[in-house]
Amino acid sequence: MRSRAPTAILAVSALLALAALLVGGYGHPARAASVDGLVGQLNAPLQASLSEAIAEDTRRIGTLQPDINRLGGQLDRLRSNIDVASAQLTETQDQLKTARSRLVLLQVALRRDEVVLGRQLVALYEAGSQDWTSVVLNAKGFTDLLERANFQQRLAHRNALVLKHVRADRLAVKRAEARLQTLEANQARELDTLVQARHRIAVVYDQLVSRKTRLVGKRKRLRAKL
């Protein structure tokens with residue numbers, strides 16, 4: 001309390017002196033100069049306080065800017081990565097649709113060929129079991145008999161190869177479909193991870209930009225007061 005008394009007395013004395021000068025008016029140059037000097041002395045602490053506040057806000061703005069720049073760069077890279085990942089996922093989905101459509105066609109063709117080839121094999125078996133004796137009897141010699149037997153074997157072998165080929169195609173398409181499904185799932189997870197990372201960084205980035213905006217506005221108002 002004792003340490004504050006002289007300051008308070010000086011402040012009261014200064015106010016009284018200022019009031020006396022103001023009452024006396026600016027009629028005399030010396031009095032006007034005294035008033036200006038006293039006003040300047042009274043405003044000096046306020047000006048110093050405003051200057052310190054402005055300097056502190058400037059320092060805070062300077063501290064925020066590197067983080068804003070860093071996060072802004074990360075957001076730009078994430079946007080680019082998201083565009084690439086999205087394009088890759090779309091391409092994979094298109095390939096998967098094509099594979100599934102081809103698989104449907106192969107399954108239809110396989111069922112049709114199995115029916116046709118099955119009928120041919122049955123007919124071949126029945127013809128062989130019923131007419132083999134007549135084939136032997138009607139053959140024009142041993143060479144003709146071998147040719148007829150060889151033809152039946154080649155036909156059966158060809159039918160088996162066709163059926164095997166169709167089944168192999170269907171199996172290959174099924175494997176491609178499974179691979180594309182796995183790839184699609186992995187790419188979708190990767191894209192979702194990138195989107196979530198962008199959201200988290202964007203939240204922090206917006207907070208820093210908002211804080212900087214408030215500090216810039218505050219500093220502008222302080223400078224106006226100064």
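Which residue does glutamate 177 form a salt bridge with? The partner is arginine 100, and the closest N and O atoms of the two are 3.4 Å apart. Glutamate 177 lies in helix 3 and arginine 100 in helix 2, so this pair ties together parts of the chain that are 77 residues apart in sequence. Hold on to that pair, please, since I'd like to come back to it.

Hi everyone, and thanks for coming. What you see above is a predicted model. Let me start with the overall layout.

The protein chain has 3 helices and 0 strands. Reading along the sequence, you get the pattern α-α-α. There are 226 residues in the chain, and 22% of them are buried. If you like surface areas, the accessible surface is about 16,200 Å², with carbon and sulfur atoms contributing 59% of that.

Now for contacts. Take the contacts in the chain with a separation of 6 or more: 83% of them are between residues 24 or more positions apart. Keep that number in mind as we look at some individual residues.

Let's go to the largest nonpolar core. It holds 15 residues, and those touching the most other members are Leu64, Leu78, Leu191, Leu194, Ile201 and Leu208. Which elements give two or more residues to this core? They are helix 2, residues 29–138, and helix 3, residues 142–225. Helix 2 gives the most, with 9 residues.

Two of those leucines are worth a visit. Leucine 64, once we set aside residues up to four places away in sequence, touches Leu208, Arg211, Lys212 and Leu215. Leucine 78 is found in helix 2. Is leucine 78 buried or exposed? Its relative accessible area is 11%, which is under the 20% cut-off, so it counts as buried. Outside its neighbours within four places, leucine 78 is in contact with Leu194, Ala197, Arg198 and Ile201. Here is a sequence-versus-space comparison for you: leucine 78 and histidine 199 are 121 residues apart in sequence, while their C-alpha atoms are 10.0 Å apart.

There's a similar sort of pair to look at elsewhere. Arginine 214 sits in helix 3. Between its C-alpha atom and that of isoleucine 61 the separation is 9.7 Å, although the two are 153 residues apart along the chain. Unlike our leucine, arginine 214 counts as exposed, because its relative accessibility is 52%.

Next, a polar pair that is also buried. Glutamine 187 lies in helix 3, and threonine 92 is found in helix 2. Their side chains are joined by a polar contact of 2.7 Å. Glutamine 187 has a relative accessibility of 11%, so it counts as buried, and threonine 92 does too, at 3%. As for the surroundings, leaving out neighbours within four places in sequence, glutamine 187 is in contact with Gln88, Leu89 and Thr92. By the same kind of listing, threonine 92 touches Leu180, Leu183, Glu184 and Gln187.

That leaves the charged pairs. How many salt bridges does the count come to? It comes to 6.

One of them joins arginine 60 and glutamate 56, with closest N and O atoms 3.3 Å apart. Both residues lie in helix 2, 4 residues apart, about one turn of the helix. Arginine 60 is partly exposed at 38% relative accessible area, and glutamate 56 is partly exposed at 28%. There is also a network of salt bridges here, linking Glu56, Arg59 and Arg60.

Another salt bridge brings together the side chains of arginine 79 and aspartate 76, at 2.9 Å from N to O. These two are 3 residues apart in helix 2, so about one helical turn separates them. Arginine 79 is partly exposed at 40%, and aspartate 76 is partly exposed at 47%.

And so back to the opening pair. Glutamate 177 and arginine 100 form their salt bridge at 3.4 Å, with one residue in helix 3 and the other in helix 2. Glutamate 177 is buried, because its relative accessible area is 17%. Arginine 100, by contrast, counts as partly exposed at 35%.

That's my tour. Thanks for listening, and I'm happy to pull up any of these residues on the screen.

Methods
Residues numbered from 1 in each chain as written. Predicted model: local features only at pLDDT ≥ 70, side-chain atom pairs only at ≥ 80, totals over all residues. Heavy atoms only, no water. Buried < 20%, exposed > 50% of the residue type's maximum accessible area, 1.4 Å probe, protein only. Contact = heavy atoms within 4.5 Å. Areas by Shrake-Rupley, 256 points an atom, 1.4 Å probe, with all protein chains shown as cover. Core = buried A, V, L, I, M, F, W, Y, C linked by side-chain atoms within 4.5 Å. Polar contact = N/O pair within 3.5 Å; in protein donor to acceptor, adjacent residues only side chain to side chain. Salt bridge = Lys/Arg side-chain N within 4 Å of Asp/Glu carboxyl O.
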